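Here's a quick tour of one model, from a helix pair to the core and on to a few backbone oddities. Have the structure open while you read.

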Amino acid sequence: MLDTANGTRERTVNGAPFRNFPAELDDQLRPFLGDLTEEVVRAIRTEIAEYARPMDDTYMHVVHRGVEQALEGFLARVADSETDWEDVKATYQRIGRGEADEGRSLDSFQAALRLGARVTWRRVTELVQADRLPPNVLVAFGEAMFLHLDEMAAATTAGYTEARLHTAGELQQRRSRLIDLLTADPPVSPEAIADLAHTAQWPVPREIAVVVSDDHGAGEGSRPIVPPEFLARFDGQPGIVVVPDPEGPGRERAISGALRGLRAALGPTVALDAGARSLRWARDALDLARRGTLPHTGLVRCTDHLSTLLLFRDEDLVAELARRHLGPLDTIRPPHRERLAETLLCWLSCARNASEVAQRLAVHPQTVRYRLRQLEEVFGDSLRDPSTQFEMQVALRATHLRRQGGE
(Lines give C-alpha, C1' and ligand atoms only; values in the text may rest on other atoms or scores of the structure.)
Protein backbone atom coordinates (compact mmCIF):
# COMPACT_ATOMS: atom_id res chain seq x y z
CA MET A 1 0.00 0.00 0.00
CA LEU A 2 1.48 3.41 -1.09
CA ASP A 3 0.54 6.96 -0.05
CA THR A 4 0.32 9.11 -3.16
CA ALA A 5 0.54 12.86 -3.65
CA ASN A 6 -3.22 13.29 -4.07
CA GLY A 7 -3.98 11.64 -0.73
CA THR A 8 -5.24 8.35 -2.11
CA ARG A 9 -3.99 4.88 -1.29
CA GLU A 10 -3.00 2.63 -4.14
CA ARG A 11 -3.36 -1.11 -3.58
CA THR A 12 -3.56 -4.25 -5.63
CA VAL A 13 -5.90 -6.90 -4.45
CA ASN A 14 -6.73 -9.31 -7.30
CA GLY A 15 -5.82 -6.44 -9.65
CA ALA A 16 -7.40 -3.01 -9.77
CA PRO A 17 -10.76 -3.13 -7.91
CA PHE A 18 -9.42 -1.95 -4.54
CA ARG A 19 -7.19 0.84 -5.87
CA ASN A 20 -7.52 4.57 -5.64
CA PHE A 21 -9.97 4.87 -2.75
CA PRO A 22 -9.62 8.10 -0.77
CA ALA A 23 -7.88 7.42 2.52
CA GLU A 24 -10.89 8.59 4.51
CA LEU A 25 -13.55 6.64 2.57
CA ASP A 26 -14.04 3.96 5.20
CA ASP A 27 -14.57 6.65 7.85
CA GLN A 28 -17.07 8.42 5.59
CA LEU A 29 -19.06 5.22 4.96
CA ARG A 30 -19.08 3.77 8.47
CA PRO A 31 -21.78 6.09 9.93
CA PHE A 32 -24.22 4.73 7.33
CA LEU A 33 -23.39 1.08 7.97
CA GLY A 34 -26.19 0.40 10.47
CA ASP A 35 -28.93 1.90 8.31
CA LEU A 36 -27.55 0.17 5.22
CA THR A 37 -27.55 -3.18 7.02
CA GLU A 38 -31.19 -2.77 8.03
CA GLU A 39 -32.14 -1.69 4.51
CA VAL A 40 -30.48 -4.74 2.94
CA VAL A 41 -32.07 -7.13 5.48
CA ARG A 42 -35.48 -5.55 4.90
CA ALA A 43 -35.14 -5.93 1.12
CA ILE A 44 -34.09 -9.57 1.43
CA ARG A 45 -37.00 -10.40 3.74
CA THR A 46 -39.45 -8.60 1.45
CA GLU A 47 -38.31 -9.82 -1.96
CA ILE A 48 -37.03 -13.37 -1.31
CA ALA A 49 -39.66 -15.73 0.04
CA GLU A 50 -37.16 -18.15 1.54
CA TYR A 51 -35.99 -15.47 3.99
CA ALA A 52 -39.43 -14.18 5.00
CA ARG A 53 -39.54 -15.70 8.49
CA PRO A 54 -40.58 -12.88 10.83
CA MET A 55 -41.53 -15.32 13.60
CA ASP A 56 -38.17 -17.11 13.55
CA ASP A 57 -35.89 -14.88 15.63
CA THR A 58 -32.92 -17.21 15.37
CA TYR A 59 -33.09 -17.42 11.61
CA MET A 60 -33.51 -13.65 11.23
CA HIS A 61 -30.51 -13.11 13.51
CA VAL A 62 -28.47 -15.31 11.17
CA VAL A 63 -29.62 -13.29 8.15
CA HIS A 64 -28.85 -10.00 9.90
CA ARG A 65 -25.45 -11.23 11.02
CA GLY A 66 -24.61 -12.41 7.51
CA VAL A 67 -25.42 -9.04 5.97
CA GLU A 68 -23.55 -7.22 8.71
CA GLN A 69 -20.42 -9.32 8.25
CA ALA A 70 -20.54 -8.88 4.48
CA LEU A 71 -20.62 -5.09 4.80
CA GLU A 72 -18.10 -5.01 7.66
CA GLY A 73 -15.74 -7.19 5.68
CA PHE A 74 -16.07 -4.96 2.66
CA LEU A 75 -15.35 -1.78 4.64
CA ALA A 76 -12.36 -3.44 6.26
CA ARG A 77 -10.91 -4.12 2.83
CA VAL A 78 -11.69 -0.58 1.72
CA ALA A 79 -9.70 0.63 4.75
CA ASP A 80 -6.83 -1.78 4.22
CA SER A 81 -6.40 -4.13 1.29
CA GLU A 82 -4.24 -6.39 3.44
CA THR A 83 -7.12 -7.06 5.82
CA ASP A 84 -7.48 -10.75 6.62
CA TRP A 85 -10.29 -12.04 4.39
CA GLU A 86 -10.23 -15.52 5.91
CA ASP A 87 -12.70 -14.77 8.73
CA VAL A 88 -15.34 -13.49 6.31
CA LYS A 89 -14.58 -16.35 3.94
CA ALA A 90 -15.01 -18.88 6.76
CA THR A 91 -18.34 -17.28 7.70
CA TYR A 92 -19.71 -17.72 4.20
CA GLN A 93 -18.38 -21.24 3.95
CA ARG A 94 -20.35 -22.01 7.12
CA ILE A 95 -23.43 -20.40 5.58
CA GLY A 96 -23.00 -22.64 2.51
CA ARG A 97 -22.70 -25.72 4.69
CA GLY A 98 -25.81 -24.65 6.59
CA GLU A 99 -27.83 -24.28 3.39
CA ALA A 100 -26.75 -27.78 2.35
CA ASP A 101 -27.63 -29.21 5.77
CA GLU A 102 -31.08 -27.63 5.49
CA GLY A 103 -31.54 -29.38 2.15
CA ARG A 104 -31.92 -26.14 0.19
CA SER A 105 -30.30 -25.09 -3.05
CA LEU A 106 -28.11 -21.99 -3.20
CA ASP A 107 -30.51 -20.17 -5.53
CA SER A 108 -32.17 -18.08 -2.82
CA PHE A 109 -28.89 -17.25 -1.14
CA GLN A 110 -27.24 -16.19 -4.38
CA ALA A 111 -30.29 -14.03 -5.10
CA ALA A 112 -29.93 -12.46 -1.64
CA LEU A 113 -26.29 -11.62 -2.36
CA ARG A 114 -27.18 -9.95 -5.64
CA LEU A 115 -30.04 -8.06 -4.01
CA GLY A 116 -27.73 -6.88 -1.22
CA ALA A 117 -25.23 -5.62 -3.77
CA ARG A 118 -27.94 -3.70 -5.66
CA VAL A 119 -29.27 -2.07 -2.49
CA THR A 120 -25.75 -1.12 -1.39
CA TRP A 121 -24.89 0.32 -4.79
CA ARG A 122 -28.12 2.33 -4.86
CA ARG A 123 -27.49 3.70 -1.36
CA VAL A 124 -23.90 4.70 -2.12
CA THR A 125 -25.04 6.38 -5.35
CA GLU A 126 -27.59 8.39 -3.34
CA LEU A 127 -24.88 9.45 -0.88
CA VAL A 128 -22.66 10.60 -3.74
CA GLN A 129 -25.53 12.56 -5.29
CA ALA A 130 -26.20 14.19 -1.91
CA ASP A 131 -22.52 15.17 -1.68
CA ARG A 132 -22.08 12.93 1.36
CA LEU A 133 -19.37 10.95 -0.48
CA PRO A 134 -16.84 12.07 -3.12
CA PRO A 135 -18.07 11.36 -6.69
CA ASN A 136 -14.75 9.89 -7.84
CA VAL A 137 -15.25 6.74 -5.74
CA LEU A 138 -18.19 5.29 -7.64
CA VAL A 139 -16.33 3.35 -10.33
CA ALA A 140 -13.75 1.83 -7.99
CA PHE A 141 -16.46 1.17 -5.39
CA GLY A 142 -18.60 -0.73 -7.90
CA GLU A 143 -15.71 -2.89 -9.10
CA ALA A 144 -14.57 -3.65 -5.57
CA MET A 145 -18.09 -4.40 -4.37
CA PHE A 146 -18.77 -6.88 -7.14
CA LEU A 147 -15.40 -8.55 -6.59
CA HIS A 148 -16.34 -8.88 -2.91
CA LEU A 149 -19.70 -10.30 -3.97
CA ASP A 150 -18.06 -12.89 -6.24
CA GLU A 151 -15.69 -13.97 -3.47
CA MET A 152 -18.54 -14.37 -0.96
CA ALA A 153 -20.49 -16.39 -3.51
CA ALA A 154 -17.45 -18.57 -4.18
CA ALA A 155 -16.89 -19.16 -0.46
CA THR A 156 -20.55 -20.08 0.02
CA THR A 157 -20.47 -22.46 -2.93
CA ALA A 158 -17.30 -24.10 -1.61
CA GLY A 159 -18.91 -24.69 1.80
CA TYR A 160 -22.11 -25.92 0.18
CA THR A 161 -20.28 -28.33 -2.12
CA GLU A 162 -18.13 -29.65 0.72
CA ALA A 163 -21.21 -30.34 2.84
CA ARG A 164 -23.07 -31.99 -0.03
CA LEU A 165 -20.10 -34.24 -0.81
CA HIS A 166 -19.74 -35.11 2.86
CA THR A 167 -23.44 -35.92 3.13
CA ALA A 168 -23.36 -37.96 -0.08
CA GLY A 169 -20.30 -39.84 1.17
CA GLU A 170 -21.94 -40.63 4.50
CA LEU A 171 -25.13 -41.70 2.77
CA GLN A 172 -23.21 -43.99 0.43
CA GLN A 173 -21.34 -45.50 3.37
CA ARG A 174 -24.63 -46.26 5.10
CA ARG A 175 -26.05 -47.76 1.92
CA SER A 176 -22.94 -49.86 1.42
CA ARG A 177 -23.25 -51.12 4.99
CA LEU A 178 -26.93 -51.84 4.32
CA ILE A 179 -25.92 -54.09 1.41
CA ASP A 180 -23.75 -56.04 3.88
CA LEU A 181 -26.65 -56.43 6.30
CA LEU A 182 -29.10 -57.51 3.61
CA THR A 183 -26.72 -60.18 2.31
CA ALA A 184 -25.38 -61.33 5.68
CA ASP A 185 -25.28 -65.03 6.48
CA PRO A 186 -26.71 -65.72 9.01
CA PRO A 187 -29.25 -62.93 8.51
CA VAL A 188 -29.39 -59.95 10.85
CA SER A 189 -32.53 -58.83 12.65
CA PRO A 190 -35.26 -56.92 10.80
CA GLU A 191 -34.90 -54.14 13.38
CA ALA A 192 -31.22 -53.63 12.50
CA ILE A 193 -32.07 -53.44 8.80
CA ALA A 194 -34.95 -51.02 9.42
CA ASP A 195 -32.80 -48.72 11.57
CA LEU A 196 -29.96 -48.51 9.05
CA ALA A 197 -32.38 -48.24 6.12
CA HIS A 198 -33.93 -45.18 7.78
CA THR A 199 -30.58 -43.38 8.12
CA ALA A 200 -29.67 -44.45 4.57
CA GLN A 201 -32.94 -42.97 3.25
CA TRP A 202 -33.96 -46.33 1.75
CA PRO A 203 -37.60 -47.47 2.05
CA VAL A 204 -37.65 -51.06 3.27
CA PRO A 205 -39.26 -53.37 0.65
CA ARG A 206 -40.98 -56.71 1.16
CA GLU A 207 -38.62 -58.62 -1.16
CA ILE A 208 -35.23 -58.14 -2.78
CA ALA A 209 -33.02 -59.66 -5.44
CA VAL A 210 -29.27 -59.30 -5.74
CA VAL A 211 -27.45 -58.59 -8.99
CA VAL A 212 -23.70 -59.04 -9.44
CA SER A 213 -21.76 -57.69 -12.39
CA ASP A 214 -18.34 -57.39 -13.94
CA ASP A 215 -17.18 -53.91 -14.92
CA HIS A 216 -15.77 -55.00 -18.27
CA GLY A 217 -17.24 -52.81 -20.97
CA ALA A 218 -17.76 -49.76 -18.78
CA GLY A 219 -15.73 -46.70 -19.65
CA GLU A 220 -12.52 -46.09 -17.75
CA GLY A 221 -13.32 -44.65 -14.34
CA SER A 222 -17.04 -44.92 -14.97
CA ARG A 223 -19.64 -46.80 -12.98
CA PRO A 224 -23.14 -47.92 -13.97
CA ILE A 225 -25.87 -45.44 -13.07
CA VAL A 226 -28.66 -47.32 -11.32
CA PRO A 227 -32.08 -46.02 -10.22
CA PRO A 228 -31.90 -44.20 -6.86
CA GLU A 229 -34.10 -46.78 -5.13
CA PHE A 230 -31.50 -49.48 -5.82
CA LEU A 231 -28.57 -50.08 -3.48
CA ALA A 232 -25.32 -50.36 -5.42
CA ARG A 233 -21.63 -50.84 -4.75
CA PHE A 234 -19.10 -51.02 -7.57
CA ASP A 235 -15.84 -50.52 -5.67
CA GLY A 236 -15.02 -54.23 -5.70
CA GLN A 237 -15.37 -57.34 -7.85
CA PRO A 238 -18.03 -58.22 -8.55
CA GLY A 239 -20.19 -55.11 -8.35
CA ILE A 240 -23.33 -55.64 -6.27
CA VAL A 241 -26.82 -54.19 -6.73
CA VAL A 242 -29.73 -54.84 -4.38
CA VAL A 243 -33.05 -54.46 -6.19
CA PRO A 244 -36.10 -53.74 -4.00
CA ASP A 245 -39.35 -55.52 -4.89
CA PRO A 246 -37.83 -56.93 -8.10
CA GLU A 247 -41.12 -58.34 -9.36
CA GLY A 248 -42.56 -54.82 -9.61
CA PRO A 249 -43.41 -53.27 -12.98
CA GLY A 250 -40.42 -52.12 -14.98
CA ARG A 251 -37.87 -53.45 -12.51
CA GLU A 252 -36.17 -55.97 -14.79
CA ARG A 253 -36.07 -53.45 -17.62
CA ALA A 254 -34.43 -50.94 -15.27
CA ILE A 255 -31.81 -53.51 -14.24
CA SER A 256 -31.01 -54.45 -17.83
CA GLY A 257 -30.82 -50.80 -18.85
CA ALA A 258 -28.51 -49.81 -16.00
CA LEU A 259 -26.13 -52.72 -16.64
CA ARG A 260 -26.26 -52.66 -20.43
CA GLY A 261 -22.92 -53.72 -21.89
CA LEU A 262 -21.85 -55.51 -18.71
CA ARG A 263 -21.84 -59.18 -17.88
CA ALA A 264 -24.23 -59.57 -14.96
CA ALA A 265 -26.34 -62.14 -13.13
CA LEU A 266 -29.67 -61.60 -11.38
CA GLY A 267 -30.28 -63.75 -8.31
CA PRO A 268 -33.74 -65.02 -7.38
CA THR A 269 -36.33 -62.88 -5.64
CA VAL A 270 -36.18 -63.64 -1.91
CA ALA A 271 -37.51 -62.37 1.39
CA LEU A 272 -35.67 -59.55 3.10
CA ASP A 273 -33.78 -61.95 5.38
CA ALA A 274 -32.60 -64.23 2.54
CA GLY A 275 -30.38 -61.86 0.56
CA ALA A 276 -27.38 -64.12 1.11
CA ARG A 277 -29.05 -66.84 -0.96
CA SER A 278 -29.83 -64.48 -3.83
CA LEU A 279 -26.25 -63.21 -3.74
CA ARG A 280 -24.81 -66.74 -3.70
CA TRP A 281 -26.84 -67.87 -6.70
CA ALA A 282 -26.03 -64.69 -8.60
CA ARG A 283 -22.31 -65.17 -7.96
CA ASP A 284 -22.50 -68.80 -9.10
CA ALA A 285 -24.31 -67.74 -12.27
CA LEU A 286 -21.79 -64.97 -12.99
CA ASP A 287 -18.93 -67.40 -12.57
CA LEU A 288 -20.57 -69.83 -15.02
CA ALA A 289 -21.15 -66.95 -17.45
CA ARG A 290 -17.45 -66.06 -17.27
CA ARG A 291 -16.62 -69.67 -18.10
CA GLY A 292 -19.05 -69.69 -21.01
CA THR A 293 -21.25 -72.36 -19.46
CA LEU A 294 -24.07 -69.82 -19.22
CA PRO A 295 -24.58 -66.94 -21.69
CA HIS A 296 -21.52 -64.74 -21.29
CA THR A 297 -23.09 -61.41 -22.33
CA GLY A 298 -26.00 -59.39 -20.98
CA LEU A 299 -28.05 -60.19 -17.90
CA VAL A 300 -28.28 -63.85 -16.85
CA ARG A 301 -31.37 -64.67 -14.77
CA CYS A 302 -30.73 -67.42 -12.27
CA THR A 303 -34.31 -68.61 -12.45
CA ASP A 304 -33.79 -69.46 -16.14
CA HIS A 305 -30.87 -71.80 -15.34
CA LEU A 306 -31.77 -73.58 -12.10
CA SER A 307 -30.74 -77.06 -13.26
CA THR A 308 -27.37 -75.79 -14.50
CA LEU A 309 -26.75 -74.00 -11.21
CA LEU A 310 -27.62 -77.22 -9.38
CA LEU A 311 -25.29 -79.29 -11.54
CA PHE A 312 -22.34 -77.00 -10.88
CA ARG A 313 -23.00 -76.39 -7.21
CA ASP A 314 -20.67 -79.30 -6.35
CA GLU A 315 -18.51 -80.07 -9.36
CA ASP A 316 -16.44 -82.64 -7.51
CA LEU A 317 -19.57 -84.65 -6.81
CA VAL A 318 -20.64 -84.49 -10.47
CA ALA A 319 -17.11 -85.45 -11.52
CA GLU A 320 -17.37 -88.50 -9.27
CA LEU A 321 -20.67 -89.43 -10.93
CA ALA A 322 -18.98 -89.15 -14.33
CA ARG A 323 -16.04 -91.27 -13.21
CA ARG A 324 -18.37 -93.90 -11.82
CA HIS A 325 -20.85 -94.14 -14.70
CA LEU A 326 -19.10 -92.82 -17.82
CA GLY A 327 -15.72 -94.41 -17.31
CA PRO A 328 -16.39 -97.14 -19.94
CA LEU A 329 -16.50 -94.45 -22.64
CA ASP A 330 -12.81 -93.76 -22.03
CA THR A 331 -12.01 -96.97 -23.90
CA ILE A 332 -13.34 -95.42 -27.13
CA ARG A 333 -11.22 -93.04 -29.15
CA PRO A 334 -12.35 -89.50 -29.87
CA PRO A 335 -14.23 -88.13 -31.74
CA HIS A 336 -16.40 -91.25 -31.80
CA ARG A 337 -16.48 -91.12 -27.99
CA GLU A 338 -18.05 -87.63 -28.10
CA ARG A 339 -20.64 -88.79 -30.65
CA LEU A 340 -21.63 -91.72 -28.45
CA ALA A 341 -21.87 -89.46 -25.37
CA GLU A 342 -24.05 -87.01 -27.31
CA THR A 343 -26.31 -89.84 -28.50
CA LEU A 344 -26.58 -91.30 -24.99
CA LEU A 345 -27.54 -87.93 -23.46
CA CYS A 346 -30.14 -87.32 -26.14
CA TRP A 347 -31.53 -90.86 -25.78
CA LEU A 348 -31.89 -90.45 -22.00
CA SER A 349 -33.48 -87.01 -22.45
CA CYS A 350 -35.97 -88.32 -25.06
CA ALA A 351 -37.28 -91.15 -22.91
CA ARG A 352 -35.19 -93.60 -24.96
CA ASN A 353 -37.04 -92.87 -28.23
CA ALA A 354 -34.60 -93.60 -31.08
CA SER A 355 -36.69 -91.81 -33.73
CA GLU A 356 -36.77 -88.59 -31.71
CA VAL A 357 -33.02 -88.89 -31.06
CA ALA A 358 -32.43 -89.11 -34.81
CA GLN A 359 -34.56 -86.04 -35.40
CA ARG A 360 -32.80 -83.99 -32.70
CA LEU A 361 -29.33 -84.97 -33.82
CA ALA A 362 -30.24 -84.67 -37.53
CA VAL A 363 -28.90 -88.14 -38.34
CA HIS A 364 -30.47 -91.26 -39.88
CA PRO A 365 -32.42 -93.47 -37.45
CA GLN A 366 -30.20 -96.41 -38.51
CA THR A 367 -27.19 -94.42 -37.32
CA VAL A 368 -28.83 -93.93 -33.94
CA ARG A 369 -29.63 -97.63 -33.63
CA TYR A 370 -26.03 -98.50 -34.52
CA ARG A 371 -24.72 -96.19 -31.83
CA LEU A 372 -27.19 -97.54 -29.26
CA ARG A 373 -25.96 -101.07 -29.92
CA GLN A 374 -22.42 -99.88 -29.29
CA LEU A 375 -23.54 -98.23 -26.06
CA GLU A 376 -25.15 -101.47 -24.90
CA GLU A 377 -21.89 -103.27 -25.56
CA VAL A 378 -19.99 -100.62 -23.54
CA PHE A 379 -22.38 -100.26 -20.59
CA GLY A 380 -24.26 -103.55 -20.53
CA ASP A 381 -27.22 -103.95 -18.20
CA SER A 382 -26.51 -100.66 -16.38
CA LEU A 383 -28.33 -98.84 -19.19
CA ARG A 384 -31.57 -100.46 -18.03
CA ASP A 385 -31.32 -99.31 -14.40
CA PRO A 386 -33.44 -96.14 -13.77
CA SER A 387 -31.13 -94.82 -11.03
CA THR A 388 -28.07 -95.29 -13.21
CA GLN A 389 -29.82 -93.65 -16.13
CA PHE A 390 -30.57 -90.58 -14.00
CA GLU A 391 -27.00 -90.25 -12.71
CA MET A 392 -25.64 -90.79 -16.22
CA GLN A 393 -27.85 -88.02 -17.50
CA VAL A 394 -26.62 -85.67 -14.77
CA ALA A 395 -22.97 -86.43 -15.53
CA LEU A 396 -23.48 -86.18 -19.30
CA ARG A 397 -25.33 -82.87 -18.98
CA ALA A 398 -22.48 -81.39 -16.92
CA THR A 399 -19.92 -82.64 -19.42
CA HIS A 400 -21.92 -81.20 -22.31
CA LEU A 401 -22.19 -77.79 -20.62
CA ARG A 402 -18.46 -77.69 -19.89
CA ARG A 403 -17.72 -78.55 -23.47
CA GLN A 404 -20.00 -75.70 -24.59
CA GLY A 405 -17.93 -73.36 -22.45
CA GLY A 406 -14.72 -74.54 -24.06
CA GLU A 407 -13.47 -76.45 -21.03
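## Helix pair, core and backbone

The axes of helix 12 (residues 336-349) and helix 13 (residues 354-361) come within 9 Å and cross at roughly 125°. That makes the two helices oblique to each other (not under 35 degrees, over 145, or 65 to 115). Axes here are lines fitted to C-alpha atoms over the stretch in contact, with angles from 0 to 180 degrees between N-to-C directions. Helices are DSSP runs (H or I, at least four residues), and strands are E runs of at least two.

This is a predicted model, where local features need pLDDT of at least 70, side-chain atom pairs count only at pLDDT 80 or more, and totals for chains, interfaces and linings use all residues. Residues are numbered from 1 along each chain as its sequence is written, and side-chain values use heavy atoms, leaving out hydrogens and water.

On to the core. The largest nonpolar core (buried nonpolar residues, under 20% relative accessible area, joined through side-chain atoms within 4.5 Å) has 58 residues. Helix 12 gives the largest share of this core, seven residues. Leu182 is among the residues with the most contacts inside the core.

Now the backbone. Two peptide bonds are cis:

| Bond | Omega |
|---|---|
| Asp185 and Pro186 | about 5° |
| Pro334 and Pro335 | about 0° |

Pro186 sits in the loop between helix 6 (138-182) and helix 7 (190-199), while Pro335 is in the loop between helix 11 (315-325) and helix 12. Arg352, in the loop between helix 12 and helix 13, has a positive phi near 60°.

Terms used. Buried < 20%, exposed > 50% of the residue type's maximum accessible area, 1.4 Å probe, protein only.
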